[in-house]
Amino acid sequence: MRLEGSCHCGSVRFSLESAHPYPFNRCYCSICRKTQGGGGYTINLGGDYASLSIEGEEHLSVYHARDTRAPDGISPLGRHFCKLCGSCLWCYDSRWPELVHPFASAINTALPVPPEHVNLMTAYKAPWCEIEAGPQDKTFDEYPNESLAQWHQRLGLTR
């Protein structure tokens, strides 16, 4: 699926191909919550990095969170955002150079409605945040074993 996205002020526009466009994965970790998730979580999609096209690249900035598990204390995952309006746009990690993870909130293309949701990193959620899980939804204290691609495959949502 071709995804088109932008920041709020329109200074950064981007497009990419996604084999995994269902917005199902809700991350409650403190980094996602504080940098992007106004509802207490964020939703990342999966995309093909080689297909990423950017207009307004001069308006981008990248944030690398502190990570005590990383050798230098800095996460290799870069959160890209518009430095004019602050909109979070996508994540990229050079350890997986073929992937890019746009935030669902930055996508302008109509996304398909997921048949279920996965709530992850819930051990780190804010105390005020209530997890709204439906009967099909799954909840994990940390990361599930199932990847974005595996979730789409299990539910027959890949082409």
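## A walk through the sheet, the cores and the charged pairs

Strands S7 and S8 pair in the antiparallel sense, with 6 bridges between them. That is a good place to put your finger on this structure, which is a predicted model. To find the pairing by eye, look for Arg66, which stands opposite Ile74 in S8.

From there, let us step back to the sheet. S7 and S8 belong to an open sheet of 5 strands, ordered S5-S10-S9-S8-S7 and paired in the antiparallel sense. Strand S5 (47-48) and strand S7 (60-66) stand at the edges with a single partner strand each, so one side of each has no neighbour in the sheet. As a general reminder, strands of a sheet pair through backbone hydrogen bonds, either parallel or antiparallel.

Now move from S8 to S9. Strand S8 (residues 74-82) pairs with S9 over 5 bridges, again antiparallel. Phe81 has Cys88 in S9 as its bridge partner. The two strands form a hairpin with 5 residues between them, and Gly86 in this hairpin takes a positive phi near 85°. On the other side of the order, S9 meets strand S10 (residues 99-102) through 2 bridges, also in the antiparallel sense. Here Cys91 stands opposite His101, and a hairpin of 5 residues joins S9 to S10.

How many of the residues of S9 are buried? The count is 6 of 6, so this strand is largely enclosed by the rest of the structure. That makes S9 a natural way into the interior. The largest nonpolar core has 17 residues, and those with the most contacts inside it are Val12, Phe14, Leu16, Leu52, Leu89 and Trp90. Strand S2 (13-17) and strand S9 (88-93) are the elements that give two or more residues to this core, and S9 supplies the largest share, 3 residues. Take Trp90 as a landmark. Setting aside neighbours within four places in sequence, its contacts include Phe14, Leu52, Ile54, Leu60, Val100 and Phe103. Among the other contacts of Trp90 are Gly78, Arg79 and His80, as well as His101 and Pro102. There is also a second, separate core of 11 residues, which includes Phe24, Met121, Leu148 and Trp151.

S2 deserves a visit of its own. Strand S1 (residues 2-6) is joined to S2 by 5 bridges, and the two run antiparallel. Ser6 stands opposite Arg13 in S2. S1 and S2 form a hairpin with 6 residues between them, and Gly10 in the turn has a positive phi of about 85°.

Arg13 also leads us to the charged pairs. The structure holds 6 salt bridges. In one of them the side chains of Arg13 and Glu55 meet, at 3.0 Å from N to O. This pair links distant parts of the chain, with Arg13 in strand S2 and Glu55 in strand S6 (residues 53-55), 42 residues apart. Are these two buried, partly exposed or exposed? Arg13 counts as partly exposed because its relative accessibility is 38%, and Glu55 is likewise partly exposed, at 45%.

Back in S9, Asp93 forms a salt bridge with Arg95, with the closest N and O atoms 2.5 Å apart. Asp93 counts as buried, since its relative accessibility is 6%. Elsewhere, Arg154 and Glu146 form a salt bridge whose closest N and O atoms are 2.7 Å apart. Arg154 is partly exposed, with a relative accessible area of 40%, and Glu146 is partly exposed at 26%. Through shared partners, salt bridges join Glu116, Lys138, Glu146 and Arg154 into one network.

Finally, a word on the cysteines. A disulfide is a covalent bond between the sulfur atoms of two cysteines. How many disulfides does the structure hold? The number is 0. Why is Cys7 not bonded to Cys9, which has the closest cysteine sulfur? The two sulfurs are 3.7 Å apart, which is too far for a bond, given that a disulfide calls for sulfur atoms within 2.5 Å. Cys7 is buried, at 4% relative accessibility. Cys85 is in no disulfide either, and the nearest cysteine sulfur, that of Cys82, is 3.8 Å away. Cys85 is partly exposed, with a relative accessible area of 31%.

Notes. Residues are numbered from 1 along each chain as its sequence is written. This is a predicted model: local features need pLDDT of at least 70, side-chain atom pairs count only at pLDDT 80 or more; totals for chains, interfaces and linings use all residues. Side-chain values use heavy atoms; hydrogens and water are left out. A nonpolar core is a set of buried Ala, Val, Leu, Ile, Met, Phe, Trp, Tyr and Cys residues joined through side-chain atoms within 4.5 Å. Buried means under 20% relative accessible area, exposed over 50%, partly exposed in between (1.4 Å probe, protein chains only). Helices (H or I, at least four residues) and strands (E, at least two) are DSSP runs, numbered from the N terminus. Contact means heavy atoms within 4.5 Å. Two strands pair if DSSP finds at least two bridges between them. A salt bridge is a side-chain nitrogen of Lys or Arg within 4 Å of a carboxyl oxygen of Asp or Glu.
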